[in-house]
Amino acid sequence: MTELGRYQDPLTIQRVLHSTRTIAIVGLSGNELRASYFVGYYLKRHGYRVIPVNPREKEILGETSYPSLLDVPVPVDLVNVFRAPDALPAIAEETVAIRAAALWCQFGVINEEGARIAGDGGVTVIMDRCLKVEHARYVGRMHWLGFNTQRITSVRAGLQ
């Protein structure tokens, strides 16, 4: 069992969210029904530059898709991973090679070797957390219906 707490520190998560502008999403799918597509779409809508990394796609979300992180022609702040855990060590090596500041592994993407490779390379690692959920939690857009109601209350109208 991996000790995940060290990869889920709230202050680290907030720092990464607030310092990130460009996100490469490894495993981003062009299928609108996939979680990776929804997360990428959400991040684009919230002002992040999203770069798809998927060798099977030419374009996703109106952006050119690249076969690997090493092919991305611009600096990347954050690498977000939607791949199987056993792919993480190679992705971590590429993350270090492109000098990204952080490696974010989505729910279930847990691989201690990949985390070690990234950490040893000076990359901040967040593991087993959803980037969209954490963004919503810390930027104030967490709600049931998927939009910001601008209202935080536990009181129901008419029940006072």
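Begin with the contacts across the whole chain of this predicted model. Among contacts between residues at least 6 apart in sequence, 58% join residues at least 24 apart. With the full chain still selected, note that 43% of its 160 residues count as buried. The chain exposes about 9,400 Å², and carbon and sulfur atoms supply 50% of that area.

Next, colour the model by secondary structure. Five helices and seven strands are present, and from the N terminus they follow the order α-β-α-β-β-β-β-α-β-α-β-α.

Now select helix α1, residues 10–19, and display its side chains. Which residues of α1 are buried? They are Ile13, Val16 and Leu17. These residues lie on the same side of α1, because they cover an arc of only 100° around the axis. An α-helix has 3.6 residues a turn, so residues three or four places apart point the same way.

Keep α1 in view and add its packing partners. The buried residues of α1 pack against three strands and a helix: β5 (78–81), β6 (102–105), β7 (124–127) and α5 (131–139).

Move then to the loop between β3 (59–60) and β4 (63–64), where Leu61 is located. Leu61 is not a glycine, yet its phi is positive, at about 55°. Is Leu61 buried or exposed? Its relative accessibility is 15%, so Leu61 counts as buried, the cut-off being under 20%.

Finally, select Arg99 in the loop between α3 (88–97) and β6. Arg99, likewise a residue other than glycine, has a positive phi near 65°. Arg99 is exposed, with a relative accessible area of 74%.

Definitions and conventions
Residues are numbered from 1 along each chain as its sequence is written. This is a predicted model: local features need pLDDT of at least 70, side-chain atom pairs count only at pLDDT 80 or more; totals for chains, interfaces and linings use all residues. Side-chain values use heavy atoms; hydrogens and water are left out. Helices (H or I, at least four residues) and strands (E, at least two) are DSSP runs, numbered from the N terminus. Buried means under 20% relative accessible area, exposed over 50%, partly exposed in between (1.4 Å probe, protein chains only). Contact means heavy atoms within 4.5 Å. Accessible areas come from the Shrake-Rupley method with a 1.4 Å probe; for residues, only the protein chains shown count as cover. The arc is that of the directions from the helix axis to the C-beta atoms.
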